[in-house]
Every structure is written in structure tokens, then in C-alpha cells.
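Look through the predicted model below. The walk goes from the core to the charged pairs, then to the surface.

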Amino acid sequence: EEQLVESGGGLVQAGGSLRLSCAASGFTFDDYAIGWFRQAPGKGREEVSCIRTSDGSTYYADSVKGRFTISSDNAKNTVYLQINSLKPEDTAVYYCAAAFLVCRGHYNYWGQGTQVTVSS
């Protein structure tokens, strides 16, 4: 069974940092790109970053460039999202998802999400 499990969310003060993890199982990790999305209350879902696990190529939304860093540990089938200089507007549920071969393709598998709350 294909599965993605996020972890690492929490409550943090503005200016702080978090590292989110996305552990994948049940599919060939190297064949997929892993994207991170977020959804704030009352807002639509936003793709913030993605990594193609086969070659490490990455994508970042303009809104997070310079503060978010995505990385992949293929030996552990895990993708990380390092978030620095957190702002209250980063408050959202963060999800990871897997798309076959390329970033920003059709995301087949989704995790359950992890809550990030940034206090001012």
C-alpha cells in the first residue's frame, strides 16, 4: 500500500525554524517527485516546493524562496522541508504528495498532513 507520512509540525514563534519530514513507502521512491503543499484556514492549497528524487532537481514557490529548503534522503525514502525565519502567515497544514517522475505533475499519493502554527 502506497503511503506518505508527514511529521515535524508544531507550534513555534515567529523567526523560528522547523524541519518537516515525509516518509514514503509502498512505491519506488526514485521514480517519483515529492511535493510539499500547504493549506491555511480559508485559503486554497499552495504548492510550496518539490524535489525530483532521481536527480535532486527542485522547485520553490516565489513566496518561500530563500526560507524553505527541500532535500531528499533516498536511502531512507524520506523528503525533508527545512523552514527558517517562520512567519505567522506560514501557519497552515502542510502535506506531502508524490507525482510520477516529475515535479508539478499529477500527484497520485498524499499524506495526512502536519500542522504548523507560527505565533507572533
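Strands here are DSSP runs of E with at least two residues, numbered from the N terminus. By that count, E47 sits in strand β5, which covers residues 45-52. Keep this residue in mind, as the path returns to it.

Start with the interior. How many residues make up the largest nonpolar core? It has 30. Those with the most contacts inside the core are L4, I34, W36, F68, L81 and Y94. Several strands feed this core. At least two residues each come from β3 (18-25), β4 (32-39), β5, β7 (68-73), β8 (78-83), β9 and β11 (114-119). A further core lies apart from this one. That other core has six residues, including A33, F37, C50 and Y107.

Take I34 as a way into the packing. Residues up to four places away in sequence are set aside here. Beyond them, I34 touches L4, C22 and F29. Its contacts also include S49, C50, I51 and T53. Further along the chain, I34 meets I70, V79, C96, A97 and A98. One of these partners, C50, belongs to the six-residue core.

Now return to E47. Is this residue buried or exposed? E47 counts as buried because its relative accessibility is 13%, and the cut-off for buried is under 20%. Its side chain has a polar partner. A polar contact of 2.5 Å links the side chains of E47 and Y107. Y107 is also among the residues of the six-residue core. Leaving out neighbours within four places in sequence, E47 contacts G35, W36 and F37. Its other contacts on that basis are Y59, A61, R104 and Y107. Two names in this set link back to the cores. W36 is one of the residues with the most contacts inside the 30-residue core, and F37 is part of the six-residue core.

Charged pairs come next. Side chains of opposite charge can pair when their charged atoms come close. The model holds six salt bridges. Begin with R38, which is buried because its relative accessible area is 9%. Which residue in the loop between β8 and β9 pairs with R38? The partner is D90. Their closest N and O atoms are 2.9 Å apart. R38 lies in strand β4, so the pair ties together parts that are 52 residues apart in sequence. D90 is itself buried, at a relative accessible area of 1%. Outside its neighbours within four places in sequence, D90 is in contact with R38, R67, F68, S85, V116 and V118. F68 in that list is another of the residues with the most contacts inside the 30-residue core.

R38 has a second acidic partner. A salt bridge joins the side chains of R38 and E46, again with an N to O distance of 2.9 Å. E46 counts as partly exposed because its relative accessibility is 27%. Salt bridges with shared partners connect R38, E46, R67 and D90 in one network.

Another bridge has a different setting. D62 forms a salt bridge with K65, and the closest N and O atoms are 3.1 Å apart. Both D62 and K65 are exposed.

Next, look at the backbone in the loops. Where is N77? N77 is in the loop between β7 and β8. Its phi is near 50°, a positive value in a residue other than glycine. N77 is partly exposed, with a relative accessible area of 25%. R104 also has a positive phi, near 65°, and is likewise not glycine. R104 sits in the loop between β9 and β10. At 51% relative accessibility, R104 counts as exposed. This is the R104 that is in contact with E47.

Finish at the surface, in the loop that holds R104. L101 is placed in the loop between β9 (92-100) and β10 (107-110). L101 is partly exposed, at a relative accessible area of 40%. Which residues form a nonpolar patch on the surface? They are F100, L101 and V102. Together they have about 260 Å² of accessible area.

Technical notes:
Residues are numbered from 1 along each chain as its sequence is written. This is a predicted model: local features need pLDDT of at least 70, side-chain atom pairs count only at pLDDT 80 or more; totals for chains, interfaces and linings use all residues. Side-chain values use heavy atoms; hydrogens and water are left out. Patches are made of residues with over 30% relative accessible area and no salt bridge: like charges are joined within 9 Å, nonpolar side chains (Val, Leu, Ile, Met, Phe, Trp, Tyr) within 5 Å. Accessible areas come from the Shrake-Rupley method with a 1.4 Å probe; for residues, only the protein chains shown count as cover. A salt bridge is a side-chain nitrogen of Lys or Arg within 4 Å of a carboxyl oxygen of Asp or Glu. Helices (H or I, at least four residues) and strands (E, at least two) are DSSP runs, numbered from the N terminus. Buried means under 20% relative accessible area, exposed over 50%, partly exposed in between (1.4 Å probe, protein chains only). A polar contact is a pair of N or O atoms within 3.5 Å; within protein, one must be able to donate a hydrogen and the other to accept it, and residues adjacent in sequence count only if both atoms are side-chain atoms. Contact means heavy atoms within 4.5 Å. A nonpolar core is a set of buried Ala, Val, Leu, Ile, Met, Phe, Trp, Tyr and Cys residues joined through side-chain atoms within 4.5 Å.
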